[in-house]
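Trainee: Please take a close look at a single part of this model. I would like one connected account of that part and its surroundings.

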Amino acid sequence: RASNAVHLVAVLALSGAGIHVLLDLASAAWTPLGVTGVGLASVTSQLIVACLLTVTLRTRGLWMGSPATGRTPSAWRQSAGAVGVLAARSSALGGAAIAMTSTAVGISPTTGAAHQVTYQFWLLVVMVVEGWKSAAQILVSATTTTPERLRIESTLMRFSVCLGLGAGLTMEALSSVIIDAMSADPAVAHTARSIWTLSAASLLVGAVAYTRDGIEFGRGTYTPNLLRTLVGTSVWLLGAVATYVTEDVRLIWWAMFGGLAVRAALPFGAFAYPARLRQRYPSNASMASRR
């Protein structure tokens with residue numbers, strides 16, 4: 001993506017999804033592995049795409065240290081700090097999601113299934129929003145002047161509100177169809193309906209939060225984004241604790257809404273950008289001013 005090879009990213013992602021589905025179907029049709037086969041299909045498809053990605057990067061001269069990229073091994077070592085911050089961000093988000101899911105599953109099989117039905121479709125919509133976040137990152141990182149960057153960021157933020165509204169309304173409109181299709185047990189369907197609207201509402205603020213992530217990634221301000229994300233995930237964890245105490249799964253989704261709202265509402269300057277990191281990973285604005 002940083003090399004503007006967006007088409008390549010899309011092709012590899014779609015290829016991986018296609019391979020994954022085919023392996024899933026083959027496992028179900030021709031082996032007795034059950035859920036183990038599903039796991040093996042996931043691992044195998046990711047390994048295949050990882051190999052294809054590596055070969056393609058080398059072929060196109062995008063691999064680290066290649067003349068086409070101008071990246072030397074020392075430059076990659078300098079980027080390790082940014083990679084570590086992004087890895088910490090992903091770990092925080094993933095860990096909070098696991099905590100919320102395990103709490104729902106621990107209440108009862110019905111509650112766990114209802115939460116999973118809701119969460120899986122919510123995650124599907126979020127992945128669409130994630131694509132928009134990546135586009136925002138590319139657009140911001142391509143700017144060369146501060147006025148241009150501010151204009152693009154303003155446009156992105158306004159559009160994110162429309163995106164969130166559309167995503168939330170779409171999810172709510174499809175509630176009956178999705179819940180009935182994914183819930184064989186009436187009790188699961190009933191519980192899923194009690195939290196579905198909350199999950200749809202969280203997309204309204206979620207689209208803004210994810211767009212801000214893309215803007216901050218485009219700026220190169222990774223550490224402030226991590227700190228803002230940690231504040232949001234702490235709200236998610238509080239929701240998991242409240243659900244554990246009360247056994248009310250709706251509190252998880254109230255916390256989901258609240259955590260995303262906090263991430264969306266905190267101003268860009270809420271966390272100072274450390275001078276040491278600013279020197280190592282300069283933002284577009286500072287690079288443009290140097291030029």
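**Helix H10 and its surroundings**

Mentor: Along the sequence, the protein chain reads α-α-α-α-α-α-α-α-α-α-α-α. That makes twelve helices and zero strands, where helices (H or I, at least four residues) and strands (E, at least two) are DSSP runs numbered from the N terminus. The model is predicted, so local features need pLDDT of at least 70 and side-chain atom pairs pLDDT 80 or more, while totals for chains, interfaces and linings use all residues. Residues are numbered from 1 along each chain as its sequence is written, and side-chain values use heavy atoms, with hydrogens and water left out.

Of the 291 residues of the protein chain, 40% are buried; buried means under 20% relative accessible area, exposed over 50%, and partly exposed in between, with a 1.4 Å probe and protein chains only. Taking contact as heavy atoms within 4.5 Å, 75% of the contacts between residues at least 6 apart in sequence join residues at least 24 apart.

The part to look at is helix H10, residues 250–265. Its 16 residues should span 22 Å at 1.5 Å a residue, and the end C-alpha atoms are 22 Å apart, which agrees; the expected span is 1.5 Å times one less than the number of residues. The buried residues of H10 are Ile 252, Trp 253, Ala 255, Met 256, Gly 258, Gly 259, Leu 260, Arg 263 and Ala 264. An α-helix has 3.6 residues a turn, so residues three or four places apart point the same way. The buried residues of H10 pack against four helices: H4 (80–107), H5 (109–141), H8 (186–219) and H9 (222–246).

From the side of H8, Arg 212 is the residue to follow. Arg 212 is buried, with a relative accessible area of 3%. Leaving out residues up to four places away in sequence, Arg 212 touches Arg 263, Ala 264 and Ala 265, and also Met 157, Arg 228, Leu 266, Pro 267 and Phe 268. Arg 263 and Ala 264 are themselves among the buried residues of H10. From C-alpha to C-alpha, Arg 212 and Ala 265 are 9.8 Å apart in space, with their positions 53 residues apart in sequence.

As for the surface, the protein chain exposes about 15300 Å², and carbon and sulfur atoms supply 69% of that area; accessible areas come from the Shrake-Rupley method with a 1.4 Å probe, and for residues only the protein chains shown count as cover.
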